[in-house]
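The following exercises ask the reader to work through an interface, a helix and several side-chain pairs. Each task is followed by a solution in steps.

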Amino acid sequence: MTVSIIRFGGSNCDRDAERALEHLGIDAEIVWHEDGLPEDTTGIVLPGGFSYGDYLRAGAMAARAPIMEEVREAAREGVPVLGVCNGAQVGCESSLTEGAFTTNESARFQCEPVYVRVERDDTPWTRAYDEGDVLEIPIAHAEGRYEVDDDRLAELEDEDRILFRYCDEDGETTPEANPNGSKHDVAGLVGDRDTVAVLMPHPERVTLPDVGETDGQGVLRGFAYATE
Amino acid sequence: MSLADSDRELVVEELGREPTPAEAALFENLWSEHCAYRSSRPLLSAFESEGEQVVVGPGDDAAVVALPTDDTSSADADHASGRADEKEEDVYITMGIESHNHPSYVDPFDGAATGVGGIVRDTLSMGAYPIALADSLYFGAFDREHSKYLLEGVVEGISHYGNCIGVPTVAGSVDFHPDYEGNPLVNVACVGLLTEDRLVTAEAQEPGNKLVLVGNATGRDGLGGASFASEDLAEDAETEDRPAVQVGDPYAEKLLIEANEALIDEDLVESARDLGAAGLGGASSEMVAKGGLGARIELERVHQREPNMSALEILLAESQERMCYEVEPKNVERVREIAEKFDLGCSVIGEVTEGNYVCTFEGETVVDVDAHFLGEGAPMNDLPTEAPAEPETDLPETDLEEAFEAVLSSPNTASKRWVYRQYDHEVGVRTSVPPGDDAAVMAIREAEQGLAISSGAAPNWTSTAPFEGAKAVTLENATNLAAKGATPLAAVDCLNGGNPEKPDVYGGFQAIVDGLAETCADLSVPVVGGNVSLYNDSVAGPIPPTPTLAMVGTKSGYDAPPLSAKPEGDLVLVGDLALERGEFRLGGSEYLAQFDGDDRFPVLPGEPAAFVETLADVADADETLAVHDVSHGGLAVSLAEMVDEDAGLAVSLPDGVDVEGALFHEQPARALVQTADPDAVREAFDGVAPVVELGEGTDDGRLTIDAGDDVLEYDAAAIRENRSVIEDELE
């Protein structure tokens, strides 16, 4: 099993994802976007960073790179795909997931730990947790405010697509606990299949025990669960 | 500004003819204060820059320092992980620091952003991968709208650039002082990582090798930046000098970082230099001068983004995100392929020769000079100095509670969360101790070492007493590292001063150089590189002499004691010489800055090395619960910073002590240690530094200071409210 971490020009969390996955015993390799998806890909990470310098719109240029057609095809076939931060923006821009992540309410870049509540525990990405668990995972973005039209959001919620919501330490969603003004506190969601997920917080930054807490390990373990 | 008459005479004498316009412009820029350190170099010999850990000292793009190989601990770790034979190459770090002061005044966003870009490329040109940034920023009084505008722009510029290139900003400092009103300072340090086999220098190696320019296309931006940085800021600088400010493209820089890594992976680079001050002319001539060689460059081969550029413009433009590589002819094609993969421009502009440094443009020779004379021929200035005056003593009468709150809510001592929250300080997954603590700690897994980083200066200190203040800045940075259990390894400095032609300004500058040098030597910390920025002077007057020091230290393991107190455990204060003596000097304190007083600077410890070493040991002891350096704002602020909702502190000052003195004096080389075993701390510091038991942790989240007739009492929320002035004002 090898997880492909797609590196675009400007990706900068690709090595971090590789290190974190390897720590969990999950084989991973960084794939340059122009080289195409390797045949033996059993999982895909769209890593954080500033693909194409975020010029035009965060994630917009990378979403139109030829490799994304291969990623969408793989996703349709059930290959697990995880988009983190800029990767989440790319995921929405390329219709792997719905909605968009846009400029924070503060209009500033925010790097800080936040709490998220696990909304479902029956996806590969959350199987390690229980519904209602509160995880502390850092964010680092200027454009993380989840936006989608109200009707569609209601449908997404009906379809149980919301994976994580920002919350306080006790698991309550409050305006103060929502760091960027995301609609309905959405921090992450799944696509048409549960094997495709995007989130703004960085699980790879809370995976390595030698630099701190490890609340994010379960998310990355999703690659192992998904292929069991 | 043009080439000074006396310099022109020297050039004419050397060349035996009048310089061409391109040559005159090259000499003007490379012989400027910014590039040639004409006023400061005579002073810089005070620094001790050698040590067994120093691989490359001052004079290259960045310094290179070997990380210690901790034989015992690494052997254990290797054994545990079963990877004993993986560690072969020595692991090095690079350290560099740069100022981008004048550009940041004129255009705070782009000025600060390109400052980050420049120091990162200095890291690349040593073959290293950048792993950490530290920014020390200095602005005029925070209540001035213009200061806030500059702060917002500078922080946004650093955030924009540093975040995008994926290099975490983990440390730094922000200070406010009225004398920066007309001239803010932006000092940026970068730490890079490499193994010994990847080391590259700026010294050209072999005639016949090609010079290859990789990166952004050259435009007319930043023309004359080096000479712009070498004169006082004019009143109309914000409008008139904008063309001298470069505009950065962090996306191109990120591509350059990865392309550089690929070039080093494949061993394609013989020597390298980034294009900074004085552009292509500066970088290429310095490379060949270092190798005792020459070059032949065809300027029209440079890839350009504007039409009809002249030879002089191509030579001196400071367009960003460009590197000059010396490449063996057989490797040129591969370098071109790698540049292409990363969408970077690439042009083979000429080659290394044994002759002069020669540039041609469309067949015509526009520069033909000896590279060594160009780089090293600038005459040094021997300027008169005037020793700084000793401050008088004139202490204000204050109400204790009012004083406590004024000092705690001063923007200088207040929380800088508003700043570092805008920096990605975790990308790279090495940050073990993030900003907001005494020092950052990074995991250098390649060497199994924790790397602690501290950067800063203290304008209140050095404006009161430049010499003692600079010594104190050194002690303060070393204490920051030791508080997190690290032993200092090396430092780089960024020396900022006003117009050196004013004897009192130059005297103050000399004093900060001597102060830093003396205390770094006392601590056996080699000063391996640095940067000098003079002419930080405007109609508002000179800046305080400002010696930013970025110091790194190492420790085994990546974790460190927290800054925050625990609900239980005794609190001791170590190193407070004034408290032991019962005689306090408040000079340089935030307390006097708030209440307009004067006093002499605190007495500093005579033998600080033992203090730093002992504190580092104590910090890592099992019984140690929390450690916090005591500095800006004195004991009062440090105590308050340790309190949060989960843990409080109940403290009693010794009977009969001068309360304002004890709480607000700012003698460095002190720390608060919370411990389960105060006797062990006392024993460790026996004969090294005084230890005073102050009180203990509580579970009520309150700070209580029993000061004889007065009792100060604040809960965590009140402390936070006082400390949040910057974010309250700017959110």
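Conventions come before the exercises.

This is a predicted model, in which local features need pLDDT of at least 70, side-chain atom pairs count only at pLDDT 80 or more, and totals for chains, interfaces and linings use all residues. Residues are numbered from 1 along each chain as its sequence is written, chains are lettered from A and ligands numbered from 1 in the order in which they are written, and side-chain values use heavy atoms, with hydrogens and water left out.

**Exercise 1. Describe the interface of chain B and chain A by its residues, its area and its polar pairs.**

Step 1. Collect the residues in contact, where contact means heavy atoms within 4.5 Å. Chain B contributes 36 residues and chain A contributes 27 residues.

Step 2. Compute the area. The size of an interface is often given as the accessible area lost when the parts come together. Buried area is the accessible area (1.4 Å probe) that two parts lose on being put together, summed over both. For chain B and chain A this comes to about 2,600 Å², with 52% of it on carbon and sulfur atoms. Of the area that chain B buries against chain A, 24% comes from B:Tyr251, B:Arg421 and B:Val429, more than from any other three residues.

Step 3. Count the polar pairs. A polar contact is a pair of N or O atoms within 3.5 Å; within protein, one must be able to donate a hydrogen and the other to accept it, and residues adjacent in sequence count only if both atoms are side-chain atoms. Between chain B and chain A, twelve residue pairs (both at pLDDT 80 or more) are in polar contact.

Step 4. Assign the side of chain B that touches chain A to elements, taking helices (H or I, at least four residues) and strands (E, at least two) as DSSP runs numbered from the N terminus. Helix H8 (145-165), helix H11 (250-265), helix H17 (417-420) and strand E14 (431-433) of chain B each supply at least two residues. H11(B) gives the most, with six residues.

**Exercise 2. Characterise H11(B) by its span, its burial and its start.**

Step 1. Compare the lengths. The expected span of a helix is 1.5 Å times one less than its number of residues. H11(B) has 16 residues and reaches 22 Å from its first C-alpha to its last, close to the expected 22 Å.

Step 2. Classify the residues as buried (under 20% relative accessible area), exposed (over 50%) or partly exposed (in between), with a 1.4 Å probe and protein chains only. In H11(B), 15 of the 16 residues are buried.

Step 3. Examine both ends. At the start of H11(B), a side-chain oxygen of B:Asp249 comes to within 3.1 Å of the backbone nitrogen of B:Tyr251. H11(B) is followed by B:Asp267, which has a positive phi near 55 degrees.

**Exercise 3. Which salt bridges cross the interface, and which tie together parts of chain B?**

Step 1. Apply the rule: a salt bridge is a side-chain nitrogen of Lys or Arg within 4 Å of a carboxyl oxygen of Asp or Glu. The structure holds 63 salt bridges over all chains, and the rule finds eight across the interface of chain B and chain A.

Step 2. Inspect pairs across the interface. B:Glu446 pairs with A:Arg19, with the closest N and O atoms 3.9 Å apart. For B:Glu258 and A:Arg15 the closest N and O atoms are 2.7 Å apart. This second pair runs from helix H11 of chain B to helix H1 (residues 14-23) of chain A. B:Glu258 is buried at 6% relative accessibility, whereas A:Arg15 is partly exposed at 29%.

Step 3. Inspect pairs within chain B. B:Glu376 and B:Arg41 form a salt bridge (3.3 Å, N to O). B:Glu376 lies in helix H15 (residues 371-376) and B:Arg41 in helix H4 (residues 41-44), so the pair ties together parts that are 335 residues apart in sequence. B:Arg334 and B:Glu266 also pair, the closest N and O atoms being 2.8 Å apart. B:Arg334 is in helix H14 (residues 332-341) and B:Glu266 in the loop between H11 and strand E8 (271-274), so this pair ties together parts 68 residues apart in sequence.

**Exercise 4. Is A:Ser51 buried or exposed, and with which side chain does A:Ser51 make a polar contact?**

Step 1. Locate A:Ser51 in the loop between strand E3 (41-46) and helix H2 (60-63) of chain A. A:Ser51 has a relative accessible area of 2% and is therefore buried.

Step 2. The side chain of A:Ser51 makes a polar contact with that of A:Asn86 (2.9 Å).
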